[in-house]
Amino acid sequence: MKDEVQSPEERSAGLKGLGCSRKRVEDVRFTQGRGNYVDDIKLDGMLTGDFVRSPYAHARILSINTEAALAVPGVLAVLTAKDLEPLGLHWMPTLAGDKQMVLADGKVLFQGQEVAYVVATDRYAAADGVAAVEVDYEDLPVVTDPFKAMDPDAPVLREDLAGQTEGAHGPRRHHNHIFTWEQGDKAATEAVLAEADVVAEEMVYYHRTHPMPLETCGCVASMDKVTGKLTLWGTFQAPHAVRTVASLISGIAEHNIRVISPDIGGGFGNKVGVYPGYVCSIVASIVTGKPVKWVESRMDNLMSTAFARDYWMQGKIAATKEGKITGLWCHTTADHGGFDACADPTKFPAGFMNICTGSYDIPVAYLAVDGVYTNKAPGGVAYRCSFRVTEAAYFIERMIEVLAIRLNMDAAELRRINFIRKDQFPYQSALGWEYDSGDYHTAWEKALNAVGYDVLRREQAERLEAFKRGETRKLIGIGLTHFTEIVGAGPVKNCDILGLGMFDSCEIRIHPTGSAIARLGTISQGQGHATTFAQIIASEIGIPADDITLEEGDTDTAPYGLGTYGSRSTPVAGAATAMAARKIRAKAQMIAAYLLEVHDDDVEFEVDRFVVKGAPERFKTMKEIAFASYNQAIPGVEPGLEAVSYYDPPNMTYPFGAYICVMEIDVDTGEHEVRSFYALDDCGTRINPMIIEGQVHGGATEGYAIAMGQEIAYDEMGNHKTATLMDFFVPTAWETPHYTTDFTVTPSPHHPIGAKGVGESPNVGSVPCFSNAVHDAFRPFGLVQSHMPHDHWRIWKIAEDLGLHV
Ligand code: PCD
Ligand SMILES: [Cu+]
C-alpha cells in the first residue's frame, strides 16, 4: 500500500495541518458568487422593514402621524415606541449595562436615530412608507463636544437617567457623565512625575471612525406561529449571545429560538452589538405572522450602527535623562454618543485600555477614563482592535515619540532601552495584566535590519538638507511602532458579556469512514475558520484537513460560545478545538490498544496512527480506529468517536509586532506616498501563514484608512458629515500600500498549541505606524503632535502652520 511507503514526514504533509499555507476552503464558494448572505435569504411571503430616522441630533418628538404611511400601497404596519411599550420592548439593554431606545421614546439623541419602523411587502413600498410618516420635532440644544457635555449647564441628554447618581460602572457625577474607570496607582505615579528628570505631556486624540464592513448589518426574523419557533438569520458575530438576549428580552423560551449567522461579509466589530432593527423585525414577524427582512443601507450603517474610537487621551510620560521611562499617566475622555452601547466585557467599561503601557517596562502607571454622553451615534466597538487596544497602542506609541523629541533621542533606541526583556515574562504590568510571553528585542532588531534603518535615517537627513536648500519639496518620514496586543477574552473569572462567561467551545464528531465534522461557538466573517480550525484537528488527530467539515453559526447545532471578535477565536475556540481533539485521541488510543492487543500505555501516537512502542510495523491508523469505534464492541468503551470541549482560557494571549513605514510627504499639496511598509507579527504558533499574511494585509489597510483619512465627523448641529462613501474614506487597490510581512514565533505558554490571535494586530500596529511616519517627517521643524486622520488637507495645514509654505 502507498500508505506504508510514506515516511512520517510525508504523511504529516498530507494532513495539511499546523503551519501549512493551505488554500482557503471557503473561497471556492465566495469566488463563484455562491456565498449565502442575509440578503440572499428569500422566504415565502417575506416582508421588508425600514426605519424612519431622525434628521435632528437632539429633539423632542411632539407627534408621529402614521396615517398617510399606512395608506401607501404595500405598507402593512408602522411601529412606534408606543406600540413597543406594552411589550416592554421600546428600550433594550446594551452590552455595556446601559439601555437604548429601540424606537424614539419622546426624544431623539442623535441624527439617524430610529424613530418608526415601517413594514411593507417589498423595500420600495417600505421606502415610500418611510417618506410618508409625519414626525413633528422640536429641536433641542446639541452637544457634540465631550468636554462641553460635562459643563455644569450643558443640556441634559438622558432625561431617563435624570437624578440617577449610580450607573452600571459606579457613581455618576454629572447628568452627562456615564462612568469613571480607574486603574493603577495614582499617588505613586504622581510622585514619580513630580520628581522626574523629564516629563513629556501631550493630548493624543484618536478620532471617531466606523468599521464599515462591505455587507451592512441585517436580519430576517421568522416566527412560526404553529410551532412557536422563532428563527432569526442575521449578520451576528455572536449568534449564541443574540439568542440568549433575544430570549431574555422577548420572553420566548430559549429552545424556541434558533439564531443562524449565514455567510457574513466582514464584521470588524460592527456586528457584535444588538440593534433596533433586530428587535423591530422580530416584533413585526410576530405581529404579521410573516417573515420580515431588514437590511441597512450604506448610509444607515455609517450613521447609526456602532462607531469606533473617539478617545481624547491626555498623557504624561516621565523618564530619566538617559531615557529610562519611570512612569505613565493617562486621563481619557471617551465620547460614547447618546447611549453607552460599547461592546466590552462587563468589568471593562473602557475595554483593555489599561494595556496602554504597551511593550515597555514601566514601573508605575495610572489610567482614568471618563465616559460621556453626547448627541452622536452609540457604539464604541472594537473596530479590529480587540477592546480599545488600538487606542491604547496609539497613545503609548505617540507618547514614546513625543518623549524621544523631548530627550532629543532616536525613537528606535528609546524603545530598545525600555522594552520588557525576554527574561521578564510572564510580565506583570503596572496596570494589572500578566503578559504571557514575548521577545521584543529580537523582533525589533529583525525589523530594523530588514528595512536598513540606519541607511534610511541617513537618506532622510540628506533629503532634509536638500529640502532646506530648496532642491525638493518632499520630506521623508519614518514611522516606527512596537505594539503589544491583548486578545483572547477571556478568562471567565474576569470576562463576561451580560453575565455570560467568555469561554468558547468545539465539538468534533468522527464519522465511521474516518472523516469528521467540527462545530464551534465562533463564527467566521471572512477570517477562514473552516480552513484553519480543520488544520488544528488534522495535526492533533491525524485526519487530513480536507476530510474535515467545519460548521459555525447555527445555535441549534453548534455548542454554546461567545462568538468571534476581539481576535478571540484562535486563542479560545482554537484551544477548545485542540482540547476536544485530544479527548478523541485519548479514546482512540484505548481503541487502538484493544485492537492491537496491548496495554494502552504501550501504543504511541505518530502523525495519523497509534504504533506499538518498539514495534513500528504494528499500528492502527485513525481511519481504522474510527471504523472500529462504530462496528466493534470494545469492553469498557462507548461506541462512536466524538468529543466536546468548553474552554475557559487561563489568561489572554499577548501577540506583538514591530512595524516600520517609510513615507514621502509633499509639503505643498499635503499628499503622501507610502514608499514601504514592513510588518513583523508574532502570534505564537502559526496555523496558516497565508491566512495570517492576508489578515495582516487587511488589517494594515484598515489601519491605513483610519490614520490617513477615514473619519466619522459631525458639525456643531450634530449633522453627520461623512455618511456616504464620497466622504468616508475606504481605500481601493489604488491607494492601498504594498506590504512586506515577516514574523517571529514566541508561543503562548498556556495555549494548547501555543497560538495567539492575530486578526486585529495589524490594525493596532499600523495606525500609530502611519501616524508616526507623518509626524516624523515634520519633527525637524518642531511638530510634536497633530490629530489624525492625516488627510491631504491636514498634512498641508501642518506644513502651513510650521511656516513651510513660501
Ligand atoms: N496564530 C494564528 C492566529 C490566527 N490564525 C488565523 O487567522 C485568522 C484570524 O484569527 P484570530 O486572530 O483568532 O481572529 P478571529 O477571532 O478568528 O477573528 C476576529 C478578527 O478578525 C479580523 N479579521 C477579519 N478578516 C476578515 N476577512 N473579515 C473580518 O470581518 C475580519 N474581522 C477582523 C476582526 S475585527 Mo473585531 O470584530 O473588531 O473585535 S476581531 C476581528 C483565523 O483564520 C485564524 O485561525 C492563524 O492561522 N494562526
Ligand atoms: Cu477596540
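**Surroundings of ligand 1 and overall build**

Among the 38 residues around ligand 1, those that come nearest are G269, G526, S569, T570 and G759 (a residue counts as near when its C-beta atom, placed from the backbone, lies within 6 Å of the molecule). Two or more residues of this shell come from each of α15 (529–541), α16 (569–596) and α18 (689–708), and α18 gives the most, with 4 residues. Helices (H or I, at least four residues) and strands (E, at least two) are DSSP runs, numbered from the N terminus. This is a predicted model, in which local features need pLDDT of at least 70 and side-chain atom pairs pLDDT 80 or more, while totals for chains, interfaces and linings use all residues. Residues are numbered from 1 along each chain as its sequence is written, and chains are lettered from A and ligands numbered from 1 in the order in which they are written.

In character, the shell around ligand 1 holds 22 polar, 11 nonpolar and 5 charged residues; here Asp, Glu, Lys and Arg are charged, Ala, Val, Leu, Ile, Met, Phe, Trp, Tyr, Cys and Pro nonpolar, and the others, Gly among them, polar. Domain 1 (2–35 + 504–647) and domain 3 (307–489 + 652–801) each supply at least three residues to the shell, with bounds from an automatic or database domain assignment.

Turning to the whole protein, the fold has 20 helices and 34 strands. The radius of gyration, 28 Å, is close to the 28 Å that the globule rule gives for 806 residues, so the protein is as compact as a globular protein of that length (taken over C-alpha atoms; the rule is 2.2 Å times the number of residues to the power 0.38). The C-alpha trace spans about 85 × 75 × 50 Å along its principal axes.
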